[in-house]
Amino acid sequence: MALVLHSGSGNKNAFKALIAAEYCGVKVELPKNFEMGVSNKTPEFIKMNPLGKVPVLETPDGAVFESNAIARYVARSKGDNLLWGGSLIEYARVEQWMDFAATEVDPNIARWLYPRLGYRAFNAQDEEFGIAGLKRALEALNTHLASNTFLVGHSVTLADIVMTCNLYHGFARILTKTFTSEFPHVERYFWTMVNQPNFKKVIGEFKQAEVVPPVQKKAAPAKQKEAKKEAPKAAPKPAVVEAPEEEAPKPKPKNPLDLLPPSKMVLDDWKRLYSNTKSNFHDVAVKGFWEMYDPEGYSLWFCDYKYQEENTVSYVTLNKVGGFLQRMDLCRKYAFGKMLVIGSEAPFKVKGLWLFRGQDIPEFVMKEVYDMELYEWTKVDLSDEAQKKRVEAMIEDLEPFEGQALLDAKCFK
């Protein structure tokens with residue numbers, strides 16, 4: 001029998017159980033035609049939760065309410081998962097971060113967001129208190145995530161699910177890029193989580209808030225007018241209303257890069273040559289790159305991670321690069337990249353080479369991929385022979401690179 005989660009489909013508190021279910025392989029269903037304010041006021045629902053709040057989980061043994069309790073139930077429904085960590089101390093830390101998300105993150109986001117949406121009375125002093133509390137919480141979280149990909153251990157746990165869901169409405173409705181850029185590791189963490197396949201199945205595509213919603217103004221009470229007796233007016237003749245013409249659908253705006261003059265370089269041809277060259281790589285692929293390269297239609301860029309001293313844990317550094325490449329997917333049609341993780345011991349260095357359509361880094365990439373701000377970008381000067389040699393070394397993963405061993409080399413193509 002499937003578990004039934006009584007809630008609307010867009011409830012961030014319901015997301016917790018639904019994402020946990022994806023990780024555990026537990027079947028959880030949402031009721032059809034659930035209507036907030038109606039379905040949760042029925043006698044049957046009140047019997048499950050006397051407060052009439054959602055979500056509520058209906059199980060063969062009875063109902064469970066409160067979203068974290070529901071998520072815990074789902075996570076424990078199958079014992080062969082790592083959502084609770086792999087040891088007693090990890091279990092305690094999962095609980096620790098779940099409590100942190102519930103007491104430090106969620107209420108402070110609500111204190112800022114809900115009055116601006118009109119759900120509570122607005123109070124400027126209370127809002128300042130909420131923002132200060134949220135910043136304090138995110139600073140602590142940012143410090144922890146500077147050296148950790150996940151909150152606990154080396155994989156997703158229930159703590160990550162609850163934390164991400166509690167951050168969800170904030171990032172979606174009020175935490176603009178200007179605000180979250182103060183906490184780069186929280187940004188990286190949030191985007192890594194919402195792009196995990198099991199999160200994406202539940203949440204779908206996600207877009208960050210672009211503006212802080214304005215304070216809702218109460219409508220001024222309408223002035224009562226004294227009733228005046230008037231002579232009855234003749235009924236107006238009905239106006240002839242012409243049916244409006246159906247508006248033609250607006251064409252989707254083209255990417256500015258598609259409007260550039262044609263280039264002699266066919267990016268897909270280069271990607272195929274790179275992928276299919278299995279031997280004599282320098283003479284075949286590297287020389288082939290220079291034969292194909294069009295300096296008028298494309299540009300080459302070096303990137304260096306700004307915070308190399310933070311790369312003290314190898315797997316965290318590798319995950320950081322992997323997440324960056326995942327978020328670069330939106331420009332796959334216009335780019336090719338190599339990312340090197342350099343060094344045999346910490347701190348590891350992260351450096352890259354990117355080929356972009358056009359003479360500048362695409363504006364939509366700088367805007368949409370927050371990782372771009374974490375790197376120093378330098379346009380390659382091909383008149384400098386040393387820079388050209390560096391390009392070749394990065395394309396073919398030449399080792400040692402700048403006197404150091406390569407921990408890993410990743411390709412975006």
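**Aromatic contacts: exercises with worked solutions**

At 3% relative accessibility, F183 counts as buried in this predicted model.

**Exercise 1.** Classify the geometry of the pair formed by F179 and F183, and state whether F179 is buried or exposed.

*Solution.* A pair of aromatic rings is described by the distance of the centres and the angle of the planes. For F179 and F183 the centres are 5.8 Å apart and the planes make an angle of 55 degrees. An angle over 60 degrees would count as edge-to-face and one under 30 degrees as stacked; the F179 and F183 pair is therefore tilted. F179 has a relative accessible area of 9%. The cut-off for buried is under 20%, so F179 is buried.

**Exercise 2.** Determine the geometry of the pair F190 and F206, and locate both residues in the chain.

*Solution.* The ring centres of F190 and F206 lie 5.2 Å apart, with 65 degrees between the planes, which makes the pair edge-to-face. F190 belongs to helix α8 (residues 184-194), while F206 lies in the loop between α9 (197-203) and α10 (267-276). The two residues are 16 residues apart, and the pair links distant parts of the chain. Both F190 and F206 are buried.

**Exercise 3.** Identify the rings over which the charged ends of K388 and R390 sit.

*Solution.* For K388, the ring is that of W290, with the charged end 4.9 Å from its centre. For R390, the ring is that of F302, at 4.4 Å from the centre.

**Exercise 4.** State how many aromatic pairs the whole structure holds, and list the members of the aromatic cluster that includes W354.

*Solution.* The search of the whole structure yields 29 aromatic pairs. The cluster consists of Y305, Y307, F324, W354, F356, Y375, W377 and F412.

Methods: Residues numbered from 1 in each chain as written. Predicted model: local features only at pLDDT ≥ 70, side-chain atom pairs only at ≥ 80, totals over all residues. Heavy atoms only, no water. Phe/Tyr/Trp six-rings, centres within 6.5 Å; stacked < 30°, edge-to-face > 60°. Buried < 20%, exposed > 50% of the residue type's maximum accessible area, 1.4 Å probe, protein only. Helix = DSSP H or I, 4+ residues; strand = E, 2+ residues; numbered from the N terminus. Lys NZ or Arg CZ within 6 Å of the ring centre and 35° of its normal.
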